[in-house]
Amino acid sequence: MNTGTTLWDAVHAERRELVRHLEGLTPDQWQTPSLCPGWSVHDVLAHLIDSATTTRRGFVRKMVAARFDFDRMNAHGVVRHRAADPWATLEAFRAVVDRTDTPPGPLVTRLVEAYVHGEDIRRPLGIGTTYPPEHVLTALEHLARTGAGLGGGRERVAGRQLVPVDGGRSIGAGAPVRGSAVSLLLAVAGRPVGTGELTGAGAAGLAGSR
């Protein structure tokens with residue numbers, strides 16, 4: 001089985017599911033603050049369009065234009081792809097769900113992007129969903145071993161063992177942190193999670209950290 005094809009299949013499936021979940025939003029819901037500080041649900045969707053259409057060469061050009069400031073580059077991308085009408089933004093996202101463009105970096109980062117930002121949008125809106133556990137675990141393993149300088153959470157999870165309760169292997173060594181793979185993924189990404197989603201001696205200081 002081609003691993004790259006499998007990962008892209010998972011990313012495309014998640015993008016299509018997100019479109020389905022956003023089709024019935026009200027105007028007010030589009031302005032709901034996401035789990036990304038300073039970004040609304042609409043902003044995160046615009047970022048996902050920017051991410052889905054950024055090539056390796058395009059990434060370099062955008063970084064140069066943003067004076068090598070990653071946060072500024074992302075902010076520019078949101079402005080570029082956020083239409084005045086959020087449903088127009090949704091249609092633009094629908095048009096790119098099957099793209100396979102990617103910025104520099106391992107392909108697994110596309111899984112991280114899809115699942116973390118999917119939850120950034122869904123959780124504040126109260127939208128529940130299920131993710132393929134094996135792909136979430138792959139994203140979690142990557143994020144846990146990647147340093148903060150490359151957008152990872154290795155420093156955040158140092159001295160902890162991540163234990164997915166929905167199956168799969170544990171990650172790391174130290175004080176255990178138990179939770180669903182997606183809850184662990186969010187915590188490693190620095191997102192807040194609900195009370196009781198993570199348990200164990202290592203949970204304190206991980207859940208809700210940024």
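Visitor: Which helices each supply at least two residues of the lining of the largest cavity?
Guide: In this predicted model, the structure holds one cavity of 30 Å³ or more. Its lining comprises 13 residues, and those nearest the centre are Val11, Arg15, Leu48, Glu113 and Ala114. The helices that each supply at least two lining residues are helix 1 (3-22), helix 3 and helix 7.

Visitor: Which helix provides the largest share of the lining of the largest cavity, and how many residues is that?
Guide: The space in the largest cavity amounts to about 100 Å³. By class, its lining residues divide into six nonpolar, three polar and four charged. The largest share comes from helix 7, with five residues.

Visitor: What volume of space lies in the largest pocket?
Guide: The space in the largest pocket comes to about 1,300 Å³. Of the 37 residues lining this pocket, the closest to its centre are Phe70, Asn74, Glu113, Leu150 and Gly151. Glu113 is also among the residues nearest the centre of the largest cavity. The pocket volume asked for is about 1,300 Å³.

Visitor: Which helix gives the most to the lining of the largest pocket?
Guide: The elements giving two or more residues to this lining are helix 3 (41-52), helix 4 (56-65), helix 5 (70-81), helix 7 (108-125) and helix 8 (133-145). By class, the lining has 16 nonpolar, 13 polar and eight charged residues. With six residues, the element that gives the most is helix 7.

Visitor: Are helix 7 and helix 9 roughly parallel or roughly perpendicular to each other?
Guide: The axes of helix 7 and helix 9 (residues 181-188) lie 10 Å apart, and the packing angle is about 95 degrees. Angles of 65 to 115 degrees count as roughly perpendicular. The two helices, helix 7 and helix 9, are therefore roughly perpendicular.

Visitor: Which residues of helix 9 meet helix 7?
Guide: By class, the contact of helix 7 with helix 9 has five nonpolar, one polar and two charged residues. On the helix 7 side, the residues are Tyr115, Val116, Glu119 and Arg123. They meet, in helix 9, Val182, Ser183, Leu185 and Leu186.

Visitor: What is the handedness of the crossing of helix 8 and helix 9?
Guide: Helix 8 and helix 9 pack with their axes 9 Å apart, at an angle of about 25 degrees. Because angles under 35 degrees count as roughly parallel, helix 8 is roughly parallel to helix 9. The crossing of these two helices is left-handed.

Visitor: How many nonpolar residues does the contact of helix 8 with helix 9 have?
Guide: Helix 8 brings Val136, Ala139, Leu140, Leu143 and Ala144 to this contact. Helix 9 meets them with Ala181, Val182, Leu184, Leu185 and Val188. No polar and no charged residues occur in the contact of helix 8 with helix 9, and the nonpolar residues number ten.

Visitor: At roughly what angle do the axes of helix 4 and helix 5 cross?
Guide: The axes of helix 4 and helix 5 come within 8 Å. Helix 4 is roughly perpendicular to helix 5, since angles of 65 to 115 degrees fall in that class. The crossing angle is roughly 105 degrees.

Visitor: Which residues of helix 5 meet helix 4?
Guide: By class, the contact of helix 4 with helix 5 has five nonpolar, one polar and two charged residues. Helix 4 takes part through Phe59, Lys62, Met63 and Ala65. The helix 5 residues that they meet are Phe70, Met73, His76 and Arg80.

Conventions
Residues are numbered from 1 along each chain as its sequence is written. This is a predicted model: local features need pLDDT of at least 70, side-chain atom pairs count only at pLDDT 80 or more; totals for chains, interfaces and linings use all residues. Side-chain values use heavy atoms; hydrogens and water are left out. On a 1 Å grid over the protein atoms alone, a cavity is a set of points where a 1.4 Å probe fits but cannot get out, and a pocket is an open set with protein on both sides within 12 Å along at least five of seven lines; lining residues have an atom within 4 Å of a point. Grid points are joined across faces, edges and corners, and a volume is the space filled by probe spheres set on the points. Helices (H or I, at least four residues) and strands (E, at least two) are DSSP runs, numbered from the N terminus. Ala, Val, Leu, Ile, Met, Phe, Trp, Tyr, Cys and Pro count as nonpolar, Asp, Glu, Lys and Arg as charged, and the others, Gly among them, as polar. Axes are lines fitted to C-alpha atoms, for helices over the stretch in contact, and angles run from 0 to 180 degrees between N-to-C directions. Angles under 35 degrees count as roughly parallel, over 145 as roughly antiparallel, 65 to 115 as roughly perpendicular and the rest as oblique. Contact means heavy atoms within 4.5 Å. A crossing is left-handed if the near helix is turned anticlockwise from the far one by less than a right angle, and right-handed if clockwise.
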